[in-house]
Amino acid sequence: MSAHRSGMVALAGRPNVGKSTLANALSGTHVAAVSPRPQTTRRRLAVAVHGDGWQAVLLDIPGFQTPRDALTRRMQQTVDSTLSDCDAAIFMVNAAEPVGGGDRFIAERLVAAKLPVIVVVNKVDEVDPQRIAETIAIVSQLVPDMVALHPVSALSGDGLDALMTELPDLLPEGPPYFPPGMTTDQTMEELAAELIREAALVRLREEVPHAMAVQIEEITPTRDGIRIDAVIYVENNSQKGIVVGKAGSMIRDIGSAARRALGVAWGAEVHLSLMVKVRRKWREDESMLTRLGL
Ligand SMILES: Nc1nc2c(ncn2[C@@H]2O[C@H](COP(=O)(O)OP(=O)(O)O)[C@@H](O)[C@H]2O)c(=O)[nH]1
Ligand SMILES: [Mg+2]
């Protein structure tokens with residue numbers, strides 16, 4: 001029998017290419033927030049993929065972007081330190097969008113880091129074969145030494161089996177890092193915040209997503225399940241009005257979607273109390289960012 005293989009695999013790609021969707025799909029769990037909004041993933045998140053005789057720990061890292069404020073500066077530092085910790089990388093591009101400067105920038109960083117790279121061309125369900133072939137041709141030039149390239153749909157699951165068989169080849173010999181059944185390094189607080197943000201992001205538009213942060217105040221076991229008290233912070237009153245919604249309808253929708261997702265993740269009845277509060281300029285407030293774990 002061959003030795004157990006394991007390692008850290010950076011999941012790199014522009015915002016919105018489907019990194020979190022892929023991490024959830026490969027791990028078979030819902031632990032990373034997915035939404036059509038950029039900056040959905042704000043902190044480094046480890047998601048374990050358990051294979052037969054191997055384990056890959058995917059680091060679903062925030063999108064690469066030019067630092068604009070204290071929040072994006074911190075996200076950028078997270079990216080840099082992640083790459084140097086990894087054994088390999090998955091470079092994800094979106095077949096439904098032209099390969100652009102952002103993709104090139106990431107490809108350069110990966111090549112410079114000298115990591116073995118698997119290229120994943122995602123969202124093939126949205127485009128015709130001609131377009132997929134064009135994307136493959138362009139990416140092949142960006143990462144000439146790639147180990148493999150897989151066209152997939154992280155959403156429908158197309159192509160993921162082939163990708164799974166390829167993953168262990170990237171990994172050095174090593175022990176499993178996560179025990180069986182455990183797929184994320186997030187604490188209960190972090191997972192709760194992640195899934196509440198996801199429920200809000202998929203329902204909100206425009207400037208609100210960027211201005212929003214979730215803080216978990218308390219998680220308490222109850223007789224029949226788990227109780228969560230959480231606050232959604234926004235930056236001004238008009239954003240607060242949007243998040244609360246007409247007669248509280250929006251915050252109720254967000255709450256019940258998050259409650260369902262957490263109930264599945266924990267296999268328990270979840271009671272969720274959500275408040276919306278205004279905190280001006282929290283994105284520039286270093287102590288607030290630290291409190292939020294960002
Ligand atoms: N059509 C299609 N949409 C996808 C696919 N993978 C992800 N998405 C969608 O793309 C958006 C961004 O996905 P997400 O995983 O959050 O991207 P991330 O920012 O790279 O982590 C979400 O709306 C997903 O549902 C795919 O294979 N096909
Ligand atoms: Mg993400």
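I take helices and strands as DSSP runs, numbered from the N terminus. I count a residue as near a molecule if its C-beta atom, placed from the backbone, lies within 6 Å of it.

**Entry 1. Ligand 1.** I am working on a predicted model. I began with the shell around ligand 1. Which element gives the most residues to that shell? I found that α1 does, with three residues. I then listed the residues that come nearest to ligand 1: G18, K19, S20, T21 and L155, out of 20 around the ligand. I sorted the shell by class as well. Ten is the polar count, written 10 in my table, against six nonpolar and four charged residues.

**Entry 2. Helix α1.** I stayed with α1, since the ligand had led me there. Is helix α1 (residues 19–27) enclosed or open? I found nine of its nine residues buried, so the helix is largely enclosed by the rest of the structure. I noted the buried residues one by one: K19, S20, T21, L22, A23, N24, A25, L26 and S27. K19, S20 and T21 were already on my list of residues nearest to ligand 1. Next I asked what the buried residues of α1 pack against. I found five strands of the chain there, β1 (5–13), β2 (45–50), β3 (54–60), β4 (88–94) and β5 (117–122), together with helix α5 (160–166). I also checked what follows the helix. It is G28, and its phi is positive, near 75°.

**Entry 3. The six-stranded sheet.** I traced the strand order next. I read β2-β3-β1-β4-β5-β6 in an open sheet of six strands, and the pairing is mixed. Which strands are at the edges? I found β2 and β6 (148–151) there, each pairing on one side only. Neighbouring strands of this sheet are turned by 25° against each other on average, direction ignored. I looked closely at one pair. β2 and β3 run antiparallel and share six bridges. Within β3, Q55 stands opposite H50. I then looked for a helix on this sheet. Helix α4 (residues 129–142) packs on it and touches β4, β5 and β6. The direction of α4 makes about 155° with that of β5.

**Entry 4. The three-stranded sheet.** I found an open sheet of three strands too, in the order β7-β8-β9, again with mixed pairing. Why does one side of β7 (213–222) and of β9 (269–278) lack a neighbour in the sheet? Both stand at the edges with a single partner strand each, so one side of each is left without a neighbour. I noted an average twist of 15° from one strand to the next. β8 (residues 225–234) pairs with β9 in the parallel sense, over 10 bridges. I picked out V231, whose bridge partner in β9 is M275. Helix α7 (residues 237–244) packs on this sheet, touching β8 and β9, and its direction makes about 155° with that of β9. I found helix α8 (residues 249–266) lying across β8 and β9 as well, running at about 140° to β9.

**Entry 5. Domains.** I ended with the division of the chain. I noted domain 1 as 5–170 and domain 2 as 188–291. How far apart are their C-alpha centres? I got 27 Å. I then looked at the contacts. I found 12 residues of domain 1 in contact with 16 residues of domain 2. On the side of domain 1 that touches domain 2, I listed five nonpolar, four polar and three charged residues.

Methods:
Residues numbered from 1 in each chain as written. Chains lettered and ligands numbered in written order. Predicted model: local features only at pLDDT ≥ 70, side-chain atom pairs only at ≥ 80, totals over all residues. Buried ≥ 20, exposed ≤ 12 C-beta atoms within 10 Å, placed from the backbone. Helix = DSSP H or I, 4+ residues; strand = E, 2+ residues; numbered from the N terminus. Contact = placed C-beta atoms within 7 Å. Pairing = 2+ DSSP bridges. Axes fitted to C-alpha atoms, helices over the stretch in contact; angles between N-to-C directions. Nonpolar A, V, L, I, M, F, W, Y, C, P; charged D, E, K, R; others polar. Domains from an automatic or database assignment.
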